Amino acid sequence: MSENKILEVIKKRRSVRNFKRVEIPEDIIKDIVDCGRLAPTARNLQPWKFVVITKRPSLKEIAGLTDYGKFLKDASCCILVFCENTKYYLEDGCAATENILIAAQAYGIGSCWIAGDKKSYAEPIAKIVGAPEKWKLVSIIALGYAAGETACPKKKSLNDVLSWEHW
Ligand SMILES: Cc1cc2nc3c(=O)[nH]c(=O)nc-3n(C[C@H](O)[C@H](O)[C@H](O)COP(=O)(O)O)c2cc1C
C-alpha cells in the first residue's frame, strides 16, 4: 500500500456502529489480528491475547453486558483485547487496538472501539471467555461491513491542537 493510501486509511476511519449481516472471511480477521500483534509494546513484552468472537449468542451476551456497546449484537464479530497486568499493559493494549482499527479500515471493514479497561463488565466478560484471572480486558472491538451512513463526529482542527516548540 502506498504511503498516501495508508494516510487516507487513517484519516478516513470513523467508528461504525451499524453493520450488515455479512461474515468477514477468517483469513482477513487473522490478518487484522496480526496487525494488532505487531503493535509497539513497552520492553517488547507483547503482553496481549486476542480472542475473536463470531457466534451470535456470544456477541449478544457480551453486548448486553456493556454500557455503550449494545450495537455489538449485530456486528460480524468482535475482538477482545486482553493484556497481562504489566506496568504498561494499558498503553500496549491500546496500541494493539488502534492497529486493529486501522487494519480493519484498510480492508474496508468498519469497527468501533468499545471500552473494556476500568469497566465493571470487564471481569464478567473475561470470565465468559475463560481468561485467566491476571488478564485484563483492555478493549472490545466490534467489526463488520458498515450499513447506512457512518456518523462523522466533529474533530478539533489541527490548529487547535498543534503548537511548535512551545505550548
Ligand atoms: C478508550 C475508548 C473507549 C471507547 N468506548 C466506546 C464505547 O464504549 N462505545 C462506543 O460506542 N464508542 C466507544 N469509543 C469510540 C468513541 O466514541 C469514538 O472513537 C469517538 O466518538 C470519536 O469518533 P470516531 O471514532 O468516529 O473518530 C471508545 C473509544 C475509545 C478510545
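User: Before the ligand, which residues count as nonpolar, charged or polar?
Analyst: Ala, Val, Leu, Ile, Met, Phe, Trp, Tyr, Cys and Pro count as nonpolar. Asp, Glu, Lys and Arg are charged, and the others, Gly among them, are polar. Keep in mind that this is a predicted model.

User: OK. How many nonpolar, polar and charged residues are in the shell around the ligand?
Analyst: The shell has 6 nonpolar, 2 polar and 2 charged residues.

User: Which residues are they?
Analyst: R14, S15, R17, Y68, G69, C112, W113, I114, A115 and P153 surround the ligand.

User: W113 rings a bell. What is its bridge partner in β4?
Analyst: I141. W113 belongs to the pairing of β3 (residues 110–115) with β4. That pairing is antiparallel and runs over 6 bridges.

User: What is the strand order in the sheet?
Analyst: β1-β2-β4-β3, an open sheet of 4 strands with antiparallel pairing. β1 (48–53) and β3 are the edge strands, each pairing on one side only. Neighbouring strands are turned by 25° against each other on average, ignoring direction.

User: And over how many bridges does β2 pair with β4?
Analyst: 8, in the antiparallel sense. Within that pairing, V81 has S139 as its partner in β4. β2 also pairs with β1, over 6 bridges and again antiparallel. There, V51 stands opposite L80 of β2.

User: Why is β4 largely enclosed?
Analyst: 9 of the 10 residues in β4 (residues 135–144) are buried, so the rest of the structure largely encloses this strand. Buried here needs 20 or more other C-beta atoms within 10 Å of the residue's own.

User: Switching to helices. Which strands does α4 lie across?
Analyst: Helix α4 (residues 89–106) lies across β1, β2, β3 and β4. It runs at about 10° to β4. Helix α3 (residues 56–65) lies across β1, β2 and β4, at about 115° to β1.

User: Now the largest nonpolar core. Which residues have the most contacts inside it?
Analyst: C78, L80, I100, I141, A142 and L143, in a core of 34 residues. Elements giving two or more residues to this core are α2 (26–37), β1, β2, α4, β3, α5 (122–128) and β4.

User: Which element gives the most?
Analyst: β2, with 7 residues.

User: Last one. Which residues does C78 touch?
Analyst: Leaving out residues up to four places away in sequence, C78 touches I53, L59, I62, L72, I140, I141, A142 and L143. I141 comes up again: it is the bridge partner of W113, and W113 is one of the residues around the ligand.

Conventions: Residues are numbered from 1 along each chain as its sequence is written. This is a predicted model: local features need pLDDT of at least 70, side-chain atom pairs count only at pLDDT 80 or more; totals for chains, interfaces and linings use all residues. A residue is buried if 20 or more other C-beta atoms lie within 10 Å of its own, exposed if 12 or fewer, and partly exposed in between; C-beta atoms are placed from the backbone. Two strands pair if DSSP finds at least two bridges between them. A residue is near a molecule or strand if its C-beta atom, placed from the backbone, lies within 6 Å of it. Axes are lines fitted to C-alpha atoms, for helices over the stretch in contact, and angles run from 0 to 180 degrees between N-to-C directions. Two residues are in contact if their C-beta atoms, placed from the backbone, lie within 7 Å. A nonpolar core is a set of buried Ala, Val, Leu, Ile, Met, Phe, Trp, Tyr and Cys residues joined through C-beta atoms within 7 Å.
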